[in-house]
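Please look through the structure shown here, with attention to its aromatic rings and to the pairing of its strands.

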Amino acid sequence: MTTVVIGGGAAGMTAAIFAAEGSEVICLERNDRPGVKLGITGKGRCNLTNNSDNENILRNIPVNGRFLYSALAGFSAYDTMELFQSRLGVPLKTERGRRVFPVSDRAGDIVSALKAECERLGVKFIKCRADKIHLSGGAVCAVSGGGQKFDADAVILATGGVSYPATGSTGDGYKIAGALGHTIVPPKAMLVPMETIEDCAPLSGLTLKNVSLTLKAKSGKTLYKEQGEMLFTHFGISGPLVLSASGYMREQGCTVEIDLKPALSDKTLDARILRDIGEEKNRQMSNLLKKLLPQVMIPEVLRRAEIEPTLPANSLTRTQRAALVGVLKAYKLSIKGLRPVEEGIITDGGISVKEIDPKTMQSRLIRGLYFAGEIIDVAAYTGGYNLQIAFSTAHSAGTAVWREDR
């Protein structure tokens, strides 16, 4: 039998590997090479899974997590780690938050390993932008695109969502599945930068490390709190902490509070400022704060604390000091909204899970049609969970295509 996999990303190549164990496989990829988006994930390091059990994985999948029970039971995070380390020969390491990366810190090693295994198993890669799945008697029979047509006994649609369109994720799979009668849940960004009401342009490009970010609802309820890295942009804020927080934002009117010195309590930070003043009494406040803050951030912090930059340090009042500590411990930003879906890491939306068999990833509408990865309406927080979804669903689909009971 012949299986055609549409899409050569993380889900597509993984599905091709498992399908090739019992089927001839053709992988259609629109880019010059497979794994383009995978190669830039995790800042080019590739956080490929989370070193935790299925219970924790499911807790971090807010969009249709229950649909993935069977897929994760069949291929867990531990199975993913075993696949890459033992079978594909990629040494892995676990970092903060149980995030798993290749020891080399190169996403390219993950891409190369998947591609090499596909080629070892005889998977044939063809550069082609598929645009139609053909049916015969209610079952798939061929795939066409770019003036070519490929006969198929089974088709695995793994074209991703609509985030990072430059990598080829432009929603082609939605159109192909929609033409066959599948319901497409409108895509929106899941992990995406935030636009702020405040003008962050003066701080654009500034990266803050080891800060704590808290996302609060309009009511004041804490929706998310974590320590890590973020950055300012011309439109607002981005970076790992912000992308993670965006997954918890479900309403307008949210605010972000950044603790610039999370290792210090208010009292300890106040004592630190007093000590600095004691050492350099005659320095202006704009110079004194160089020990605590990046230069570009000092004017904005002083403005918020209502302290003149030229004020001599020994003239700082207790009230002003308290205001300064307040800003340093809770630098507040009002969130205008999220950036467009094209800028998101993950697409929330896609093929309705109601129309997919959760055990095999086969369409409930079309025999021989399977789905894998981000094209399905499932989405998770950051931490390696979304790639784990890709690997688990790819395993379900790839092994199901050649099973006798499919």
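Y224, Y248 and Y381 come together as one aromatic cluster in this model, which is a predicted one. Across the whole structure there are 5 aromatic pairs, and one of them is formed by F232 and Y331, whose rings meet edge-to-face with 6.3 Å from centre to centre and 75° between the planes. Because F232 belongs to strand β14 (residues 222–232) while Y331 belongs to strand β17 (residues 331–338), this pair ties together parts that lie 99 residues apart in sequence. As for their surroundings, F232 is buried, with a relative accessible area of 1%, and Y331 likewise counts as buried, at 2% relative accessibility.

Aromatic rings also take part in contacts with charged side chains. The charged end of R45 is placed over the ring of F101, at 3.9 Å from the ring's centre, and K115 lies over the face of F125, where the distance to the ring centre is 5.7 Å.

Turning to the strands, one finds an open sheet made of 3 strands, which follow the order β7-β8-β9 and pair in the antiparallel sense. Its edges are formed by β7 (132–136) and β9 (148–151), each of which pairs on one side only, and neighbouring strands of the sheet are turned against each other by 30° on average, with direction ignored. Within this arrangement, β7 and strand β8 (residues 139–145) are joined in antiparallel fashion over 5 bridges, and, at the level of single residues, H134 stands opposite A142 in β8.

Notes: Residues are numbered from 1 along each chain as its sequence is written. This is a predicted model: local features need pLDDT of at least 70, side-chain atom pairs count only at pLDDT 80 or more; totals for chains, interfaces and linings use all residues. Side-chain values use heavy atoms; hydrogens and water are left out. Rings of Phe, Tyr and Trp (its six-membered ring) pair if their centres lie within 6.5 Å; planes under 30 degrees apart count as stacked, over 60 as edge-to-face and the rest as tilted. Helices (H or I, at least four residues) and strands (E, at least two) are DSSP runs, numbered from the N terminus. Buried means under 20% relative accessible area, exposed over 50%, partly exposed in between (1.4 Å probe, protein chains only). A charge sits over a ring if NZ of Lys or CZ of Arg is within 6 Å of the ring centre and within 35 degrees of the ring normal. Two strands pair if DSSP finds at least two bridges between them. Axes are lines fitted to C-alpha atoms, for helices over the stretch in contact, and angles run from 0 to 180 degrees between N-to-C directions.
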